[in-house]
Amino acid sequence: MDDAPELTGYDNEDEHLGLYQRATETGVEWWRVSVADRPETYRLEHGSADARGAGTVDIDLVVDEENLRAKLKKWRREGFAIDADDTPNDRAANARISFMPELQRVAALMSAAKRRPREGTGETVRIAEVEVPCGVGGALVPPVNPAYLFAARFNDIVEDIAENRRVMLIGHTGAGKTSLIEQVAARSHHGVLRSNMNGQTTVGDFVGFWTVKGGETLWVDGVLPTAMREGLWLIVDEIDFAEPSILAALTAVLEPHGRLVLKEKGNEIVAPHPSFRLFATANAVGAMSQFRHLYQGANLMNEAFLDRWRVYLLDYLTPAEEADVLMRTLAPNMTRALATTLAAIAADCRAAFAREDLSSAFSTRRLLDWAELRLRTGDPERAAAPAIYAKVSPEDAALIRGIVRHRIAPDG
Ligand SMILES: Nc1ncnc2c1ncn2[C@@H]1O[C@H](COP(=O)(O)OP(=O)(O)O)[C@@H](O)[C@H]1O
Ligand SMILES: [Mg+2]
């Protein structure tokens, strides 16, 4: 008689389905039981995964019920236990459980097989956790901000840049959309052009125009063909304010190798340089639409257009991250205690903005400037006048003053 305790999932038929695992020296070994195509048959897959979750499947077979029962007995002897946190009791749950190991397996294979085409100098630089191809440098490369903090959540964005995806960053003013792209460009030596759609940018500025110079008629490339030909990175800022004709020109180049047709110039075709990248930023698009009332005049972007981008919502840095940035930017004069208080004030102001108690956003830039001036004057109020209060309405200034007083006792 076998007096080992019965494991959940070993008796009822549907409960056979699921993931059976045992720990190994380097990770886990598992068997997955799912429903096969023919009635009363089961698909068995076997695999192992290391500590990082990368894994492979080495056995994949179909068995009948009798065979399955024999296997279940054997696995029990070998120490496999059904995934206890997630005991499957129906097929939907089973599909859910099979999904993650399957996804991890495919992701591991893709990452092993990754061969990026060489571009630029053929060199790469590691940014966050991604190898980014280097550009050729030049005057348009933004300066490196040594205090810039690459949070782990930026990895996917950097990976998309390396893979030549079109990336749109959405988020509040001053959350760090532009600086993320610029700091990746700075570290990988790519030149950057910026074009702000919330102003007088015309389709002529963007695509190009004819002009007369010394009696001669000349074509002048706009920022888009310039960036495409020169292999620059183009940031289309506040894309939700762009005119339809600009969006139409952009749509053509949203495919990775999409070409631009200069209709005004006899349909000349501009092919993208391999280093060319296209970015957009917006405040009130997609997941940020709930804040549209805070950003007057922004246009709704249609879903077909949005689907041509990878859209990332970028939030402000957390107070802990922002305190780190303050420490690094203002080293050696900034102390941890001061930085923590300042970051908490910024977080309070942003919460008030999100609640619509404040009409002005509170950027990391504003915080850094205030902190710097505060160190010079030794007086938070005096420093706040040019860094904050003079830039906002009297009502906002009064509310921010209240937040500051609350966090910094007058004689503290
Ligand atoms: N991760 C970060 N590390 C350090 N500074 C940051 C970071 N993100 C944003 N900042 C600072 O915040 C300020 C505002 O960022 P910016 O990119 O201009 O915002 P947005 O484009 O979203 O309006 C910049 O001065 C930048 O230096
Ligand atoms: Mg910006």
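**Exercise 1.** How many residues surround ligand 1, and which are the closest?

*Solution.* The structure is a predicted model, and the search begins at ligand 1, with a residue being counted when one of its heavy atoms lies within 4 Å. This step gives 16 residues around ligand 1, and the closest are G174, K177, T178, S179 and R365. The next step sorts the shell by class, which yields six nonpolar, eight polar and two charged residues.

**Exercise 2.** Find the polar contacts that L149, A175 and T178 make with ligand 1, and state how much of the ligand the protein covers.

*Solution.* A pair of N or O atoms counts as a polar contact if the two lie within 3.5 Å. Taking the backbone partners to begin with, a polar backbone atom of L149 is 2.8 Å from a nitrogen atom of ligand 1, while a backbone N or O atom of A175 lies 3.2 Å from an oxygen atom of the ligand. Turning to side chains, an N or O atom in the side chain of T178 is 2.8 Å from an oxygen atom of ligand 1. On its own, ligand 1 has 560 Å² of accessible area, and the protein covers 89% of this.

**Exercise 3.** In which pocket does ligand 1 sit, and which elements and domains contribute to the shell around it?

*Solution.* Ligand 1 sits in the largest pocket. The elements that give two or more residues to its shell are α4 (177-188) and α11 (364-377), and α4 gives the most, with three residues. At the level of domains, the shell draws at least three residues from domain 2 (124-313) and at least three from domain 3 (319-407).

**Exercise 4.** Examine the backbone at P332, E238 and N267, and place each of these residues in a loop.

*Solution.* As a starting point, most peptide bonds are trans, and most residues other than glycine have a negative phi. The peptide bond from A331 to P332, however, is cis, with omega near 0°, and P332 has its place in the loop between α9 (319-329) and α10 (336-354). E238 has a positive phi, near 55°, and is found in the loop that runs between β12 (233-237) and α7 (244-252). For N267, phi is also positive, near 60°, and this residue is found in the loop between β13 (260-262) and β14 (268-270).

Terms used:
Residues are numbered from 1 along each chain as its sequence is written. Chains are lettered from A and ligands numbered from 1 in the order in which they are written. This is a predicted model: local features need pLDDT of at least 70, side-chain atom pairs count only at pLDDT 80 or more; totals for chains, interfaces and linings use all residues. Side-chain values use heavy atoms; hydrogens and water are left out. A polar contact is a pair of N or O atoms within 3.5 Å; within protein, one must be able to donate a hydrogen and the other to accept it, and residues adjacent in sequence count only if both atoms are side-chain atoms. Accessible areas come from the Shrake-Rupley method with a 1.4 Å probe; for residues, only the protein chains shown count as cover. On a 1 Å grid over the protein atoms alone, a cavity is a set of points where a 1.4 Å probe fits but cannot get out, and a pocket is an open set with protein on both sides within 12 Å along at least five of seven lines; lining residues have an atom within 4 Å of a point. A molecule sits in a cavity or pocket if more than half of its atoms lie within 2 Å of its grid points. Helices (H or I, at least four residues) and strands (E, at least two) are DSSP runs, numbered from the N terminus. Ala, Val, Leu, Ile, Met, Phe, Trp, Tyr, Cys and Pro count as nonpolar, Asp, Glu, Lys and Arg as charged, and the others, Gly among them, as polar. Domain bounds come from an automatic or database domain assignment.
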